[in-house]
Protein chains: 2
Amino acid sequence: MQDLKYVKIDRQVCQWLREAREIVLSELNSQLTVETKSGRKDLVTNVDKQVEQFLTNKIKTQYPESHILGEEGFGDKVDENTDGIIWIVDPIDGTMNFVKQRNNFAIMIGVYKDQEPILGYIMNVVTGELLHGGPLTGIKLNQAEISNIENQGLSEGLIGLSGPLLVHNEYNMQTIGDSALGMRIYGSAGLEIMAVIKGELVGYISYLRPWDFGAGKILAECCGLSFTMVDGQPLNMLSSGVVLIATKRAHSDILTIVSQ
Amino acid sequence: MQDLKYVKIDRQVCQWLREAREIVLSELNSQLTVETKSGRKDLVTNVDKQVEQFLTNKIKTQYPESHILGEEGFGDKVDENTDGIIWIVDPIDGTMNFVKQRNNFAIMIGVYKDQEPILGYIMNVVTGELLHGGPLTGIKLNQAEISNIENQGLSEGLIGLSGPLLVHNEYNMQTIGDSALGMRIYGSAGLEIMAVIKGELVGYISYLRPWDFGAGKILAECCGLSFTMVDGQPLNMLSSGVVLIATKRAHSDILTIVSQ
C-alpha cells in the first residue's frame, strides 16, 4: 500500500514538472529580469521565482501539512528539528546556463520524510528528459527503467568537476582530473548528477547546497552510487559543502587522492 | 552561378551527413572496437573508420578531382602545395564522449578551394542539429538562418576551455576562466565551436588539429567571430596548435590576459 501511495505521488509530481517545463519553455525567447545574489556569478531570474511559486503552490494545495525548502525563498523555515514531509525545490538549477545559453539547466525536487529519502526528480527542461523515483518506486528516465550503472574506476571514465575547485586545486582536484580519462564542466549540478546516473560520467564533485543535491542524492543512492562529502563523511540533506557523487570504485579512487 | 553551384553542393553534403548520422545511430548501442592512438586519452573506433570511409567514398565518387584530409587516414596526402578543392573530414569529433557517453560528439566536414574557405559542416549526431554553409551560401542551423551573435566581452559570458590547458595553466588559462562568468568543458571541439556560434559561449580555447577546426573556422568566420592561434597569430587550415575562437571583444580580452 505504501508503494502504491508513492507511485501516485510520483505520477502527480511528474505532471507538475511537465507543466513547470511549459512555463519555462514559453519564457525561453523572452527578455529576463536577472538579479545577482552573492556575486556576479550567482544569478536569479523572474523565471526562477515564477517556477518556485508554481511548484510551492501545487505542493501546499495538495499536501498542506508539508514543509518546503526552496532556493528562492518561497518555502518555509526548515532545520534539523523539522519532521514529517520536506520538499526541497530548485526551480532552475544552472541559472547561469539558463541566462546565457537558454539551455543546459534543470528543475529539481527532492522529497524526504523524517529526513529519509522518498522521491527525487531531475528534469532537463530543454530536452524534456525526466529522471524520477525513489527507493519505494524504483528510478526511471521518462518511462524507461535505469539499467545497472557499470562500477568503473576513476581512470576508466570521465569526471564532472566545478571550475573554481579545479582552478584553485582544492582537494587535489587537478590530480583527480588528470587521473580520469577526461574532465567535463557542464554548469548544472542536476544535469551532472543525471550524467553520472546515465553512466556518462563516473563521478561529479562540486560545492553544493541542499537544493542542488536534494533530488540527486535520492536518485543516485537508489542506483547504487556513493554520495558523500568530498572527504568521505556522510552528507545530511540540510548540509552545504563540497560533495562527491561517484560509482563505488571511482569514489574510493577519489578519496585516496583527496587524502594525499 | 557560383552561388547556385555551392548551394547544390551544400544540399548534397547535408544529405551525406544525414546518411552518416544513420550509420552512427545504428551503432549507438552496439559493442565498439576501441583502439588507442597517441595515448590512453586518444581513441579511435570502428565507427570513426566506417564513417570516414563512407564520406571519402561519397566525395571521391562525386568529386574525383578533390583532395581529402581525413583524421583516420583514409584520405590523401595534403600539404601547403596542394591546390584545388580540399575536403577536411572528422568522422567522429569527441571520440572519447562517443565511447564513454554515446552522446556529445559531432561529424565535421570543411571544404576549401586553393586554401580559401568554401563550406563547413558540424553535425551534433545525437540531437541531429546541423550547422552548415559558407561565405557564398550563408550559414544555417538546420533550416534556420543564424542571427547575429552578440559581441560580448569575456566577463559577460561563459568560456569553453580544454581540461589539460586549464589544469596546467597554459597561457594564463586559469585567469581567463576566472574572468569569465563561468568555465565549461564539453570535450568536443565541434560542439564547443557550435556553442560559440549559437551564442552559448563567448569563446573556446583548445589544442586543435586541422580536422578539429577545418569546418568550424569557415562557419565561425562567416558569423563574424575571430579565429586565430591563442597568441593572435593567423591560423592556416593545415596548422595544429592552441586555437582561440571568440567574439571580437572576448578575443581582445583574452589576448590581453595571454600576453600578461
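**Two interfaces in one predicted model**

Hi everyone, let's start with one pair of residues: Lys198(A) and Glu129(A), whose side chains form a salt bridge, with 2.9 Å from N to O. Please keep in mind that this is a predicted model.

Where does that pair sit? Chain A is split into domain 1, residues 2-145, and domain 2, residues 154-258, and the C-alpha centres of these two domains of chain A are 21 Å apart. Across the interface between domain 1 and domain 2 of chain A, the rule picks up 1 salt bridge. It also finds 7 residue pairs in polar contact across this domain interface, both partners at pLDDT 80 or more.

Which strands of domain 1 of chain A give two or more residues to the side that touches domain 2? They are β3 (67-70), β4 (85-93), β5 (106-113), β6 (116-124), β7 (130-134) and β8 (138-141) of chain A. Of these, β6(A) gives the largest share of that side, with 7 residues. Sorted by class, the domain 1 side has 20 nonpolar, 11 polar and 6 charged residues.

Now for the contact itself. On the domain 1 side of chain A, 37 residues are in contact with 24 residues of domain 2 of chain A. The area buried between the two domains of chain A is about 2,200 Å², and carbon and sulfur atoms give 75% of that. If you'd like some residues to click on, try Tyr112(A), Ile122(A) and Leu131(A): within domain 1 of chain A they lose the most area to domain 2, together 23% of what that side buries.

Let's move on to the other interface, between the chains. Here chain B gives 32 residues to the contact and chain A gives 32 residues. The buried area between chain B and chain A is about 2,700 Å², with 48% coming from carbon and sulfur atoms.

How many salt bridges are there between chain B and chain A? The count is 0. For polar contacts, on the other hand, the count between chain B and chain A is 25 residue pairs, both at pLDDT 80 or more.

On the side of chain B that touches chain A, the elements giving two or more residues are the helices α3 (95-101), α4 (163-167) and α5 (173-179), together with the strand β11 (182-184), of chain B. By class, that side of chain B holds 11 nonpolar, 14 polar and 7 charged residues.

That's my tour of the two interfaces. Thanks for listening, and I'm happy to take questions!

How values were computed
Residues numbered from 1 in each chain as written. Chains lettered and ligands numbered in written order. Predicted model: local features only at pLDDT ≥ 70, side-chain atom pairs only at ≥ 80, totals over all residues. Heavy atoms only, no water. Domains from an automatic or database assignment. Contact = heavy atoms within 4.5 Å. Buried area = accessible area lost by both parts, 1.4 Å probe. Salt bridge = Lys/Arg side-chain N within 4 Å of Asp/Glu carboxyl O. Polar contact = N/O pair within 3.5 Å; in protein donor to acceptor, adjacent residues only side chain to side chain. Helix = DSSP H or I, 4+ residues; strand = E, 2+ residues; numbered from the N terminus. Nonpolar A, V, L, I, M, F, W, Y, C, P; charged D, E, K, R; others polar.
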